[in-house]
Structure formats: structure tokens, C-alpha cells
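Me: I would like to go through this model with you, one topic at a time. Please keep the answers plain.

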Amino acid sequence: MNIKIKNSWNDVTFGEFVQLQQIIQSNIDESYMMSNIVSVLTGRTLQEIENLPLSYYKTLTSQLDFLNEKPQRNERKDTYAINGTEYVLKADITEITTGQYLDFTNYTKENPIDQTRILSCFLIPKGKEYSDGYNIEKVFMDMNDLPLQDSLSIFFYLRLQSVALYQILIDYSKREMKGLKTSQIPKQKELLKQMEILSRSMESFLTF
């Protein structure tokens, strides 16, 4: 019997991490939770795991101490190779297209949020324009196979940009308010309030 289990965050994909999150946040018994975790990290079905000899099962679970550690993010790259496709990171908020922005905002409104769709807004197949000339369903599937620590670097980059952009917009709006008529100020304040709510919701998601 030779079942390999991932025993480091370096080996875990983004899709596997999402599955682990769902398992850990569920209300199932701890023993069943562990068997589900082993299933994800070995790529075997739950039935296969539950049919293992207990001694072998314990050998597998003994390799999961890394789950108690915080995963680290890799250095951000310009391109990522996933399942034979090269993806270009286009996540500079000052340069993203209207289509990217609209899809991103719509995806963040979904409940629950599908983080693979968020990633698909910013990782574009090389040589293609956003949402043009490629199979978006394949992109969704590929995002699941992006190494977790690469995905964390991308989300961290987005978070830093969103906070910086929000502050720039706030400072600009405050300067603009000084020249407004009294009747216009309440509308401008309401706009600032909505911007703050959007920024907080974005930051909350990007620090998942």
C-alpha cells in the first residue's frame, strides 16, 4: 500500500485549501473531519480512506502537523503556468479593464463567494484579452490548481492596491468638498460613505 499525502503548504493547491476551509468550518465530528481532510490531501475518496487499516491511517494523519502553521505567500510573479497554460497576472488596479472590474464586483456579491472566479478576473491566458478568445470554464478549473501560496501573494497584492486606491479617492473627494455648495455636500458625504463600505467589504474578502 502506497498512498502519498501532502504534508506541507508548499504542495497544497488553492482548490484544496478552499475544501479544507469548508471541512474545518463544518459541524461534523472531529474524527470525520480528519478523514475528510486526509481524503483531500491524498486525492483518494472518503470511502477509500475509511477502508484503510487503522495503523496506516494513523501514519497518514501523523504527517499533518503543518495544518497548525500559517501558510506563507510566495513572491508574486508576472506569469503562472497552470495545467499547460501560461497565465499573465493583470491585477494593477489602475490598469484593469471595465470588464474585469464589473466581473470582480459581481463575483464578490455572490453568496458564497467562489474565490476561483475572483482569481480568473486577474489571471489571463497569455496572448489573450480579458474574457475574449479563451474557455472561461477551463480558467475556473485551472485556478483550483494554482499553488495556494501563489494565490495568497495575488490576494495580498490586490488588498494593498485596494487600500491605497481607496485612500487616494477619499483624499480627492475631501478636497473637492471644499468647493461644493452647501446643498451638494450631503450627496458627496453619502458617496464617501458608500466608498468606505465597498473598501471594507473588499478588504474583508481579500484577507480571507
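Me: To begin with, in which helix is Glu-50 found?
Reply: Glu-50 belongs to helix 3, which spans residues 46-50. Please bear in mind that this is a predicted model.

Me: Is Glu-50 buried, partly exposed or exposed?
Reply: Glu-50 counts as partly exposed, because its relative accessibility is 46%.

Me: And which residues does Glu-50 touch, leaving aside those up to four places away in sequence?
Reply: With those set aside, Glu-50 touches Tyr-32 and Ser-35. Glu-50 and Ser-35 are 15 residues apart in sequence, and their C-alpha atoms are 7.1 Å apart in space.

Me: Ser-35 brings up helix 2. At what angle do helix 2 and helix 4 pack?
Reply: Helix 2 (residues 30-42) and helix 4 (residues 54-61) pack at an angle of about 75°, and their axes are 11 Å apart. Helix 2 is therefore roughly perpendicular to helix 4.

Me: Which residues make that contact?
Reply: Helix 2 contributes Ser-31, Met-34, Ser-35 and Val-38, while helix 4 contributes Tyr-57, Leu-60 and Thr-61. Of the residues in this contact of helix 2 with helix 4, four are nonpolar, three are polar and none is charged.

Me: Let us step back. How many helices and strands does the protein chain have?
Reply: The protein chain has nine helices and three strands. From the N terminus on, the order of the elements is α-α-α-α-β-β-α-α-β-α-α-α.

Me: What share of the residues is buried?
Reply: Buried residues account for 38% of the 208 residues in the protein chain.

Me: What about contacts over long stretches of sequence: what percentage join residues at least 24 apart?
Reply: Among contacts between residues at least 6 apart in sequence, 66% join residues at least 24 apart.

Me: Now the interior. Which residues touch the most other members of the largest nonpolar core?
Reply: Those are Leu-41, Phe-122, Leu-123 and Ile-154, in a core of 46 residues. Helix 8 (residues 148-177) gives the most to this core, namely six residues. As general background, nonpolar side chains in soluble globular proteins tend to be buried together.

Me: Take Leu-41. What does it touch beyond four places away in sequence?
Reply: Leu-41 touches Lys-4, Ile-5, Lys-6, Val-12, Leu-20, Leu-64 and Phe-66, with residues up to four places away not counted.

Me: Leu-20 is on that list. Which residues of helix 1 are buried?
Reply: The buried residues of helix 1 are Phe-14, Gly-15, Glu-16, Phe-17, Val-18, Leu-20, Gln-21 and Ile-23. Eight of the eleven residues of helix 1 are buried, so the helix is largely enclosed by the rest of the structure.

Me: Glu-16 is charged. With which residue does Glu-16 meet in a salt bridge?
Reply: The side chain of Glu-16 meets that of Lys-6 in a salt bridge, at 2.9 Å from N to O. This pair links distant parts of the chain, with Lys-6 in the segment before helix 1 (14-24) and Glu-16 in helix 1, ten residues apart. In general, side chains of opposite charge can pair when their charged atoms come close.

Me: Why do Lys-6 and Glu-16 fall into separate exposure classes?
Reply: Glu-16 counts as buried because its relative accessibility is 14%, and buried means under 20%. Lys-6 counts as partly exposed because its value is 23%.

Me: How many salt bridges does a search of the whole structure find?
Reply: The search finds six salt bridges. One of them joins Lys-138 and Asp-142, at 2.6 Å from N to O. Lys-138 and Asp-142 both lie in helix 7 (residues 136-144), four residues apart, or about one turn of the helix. Asp-142 is buried at 3% relative accessibility, whereas Lys-138 is partly exposed at 33%.

Me: Which residue forms a salt bridge with Asp-114?
Reply: Arg-117 does, and the closest N and O atoms are 3.5 Å apart. Asp-114 is partly exposed at 29% relative accessibility, and Arg-117 is partly exposed at 25%.

Me: Last topic: where does Thr-116 lie?
Reply: Thr-116 lies in helix 6 (residues 115-120). Thr-116 is buried, with a relative accessible area of 6%. Not counting residues up to four places away in sequence, Thr-116 touches Phe-14, Phe-140, Met-143 and Asn-144.

Notes: Residues are numbered from 1 along each chain as its sequence is written. This is a predicted model: local features need pLDDT of at least 70, side-chain atom pairs count only at pLDDT 80 or more; totals for chains, interfaces and linings use all residues. Side-chain values use heavy atoms; hydrogens and water are left out. A salt bridge is a side-chain nitrogen of Lys or Arg within 4 Å of a carboxyl oxygen of Asp or Glu. Helices (H or I, at least four residues) and strands (E, at least two) are DSSP runs, numbered from the N terminus. Buried means under 20% relative accessible area, exposed over 50%, partly exposed in between (1.4 Å probe, protein chains only). A nonpolar core is a set of buried Ala, Val, Leu, Ile, Met, Phe, Trp, Tyr and Cys residues joined through side-chain atoms within 4.5 Å. Contact means heavy atoms within 4.5 Å. Axes are lines fitted to C-alpha atoms, for helices over the stretch in contact, and angles run from 0 to 180 degrees between N-to-C directions. Angles under 35 degrees count as roughly parallel, over 145 as roughly antiparallel, 65 to 115 as roughly perpendicular and the rest as oblique. Ala, Val, Leu, Ile, Met, Phe, Trp, Tyr, Cys and Pro count as nonpolar, Asp, Glu, Lys and Arg as charged, and the others, Gly among them, as polar.
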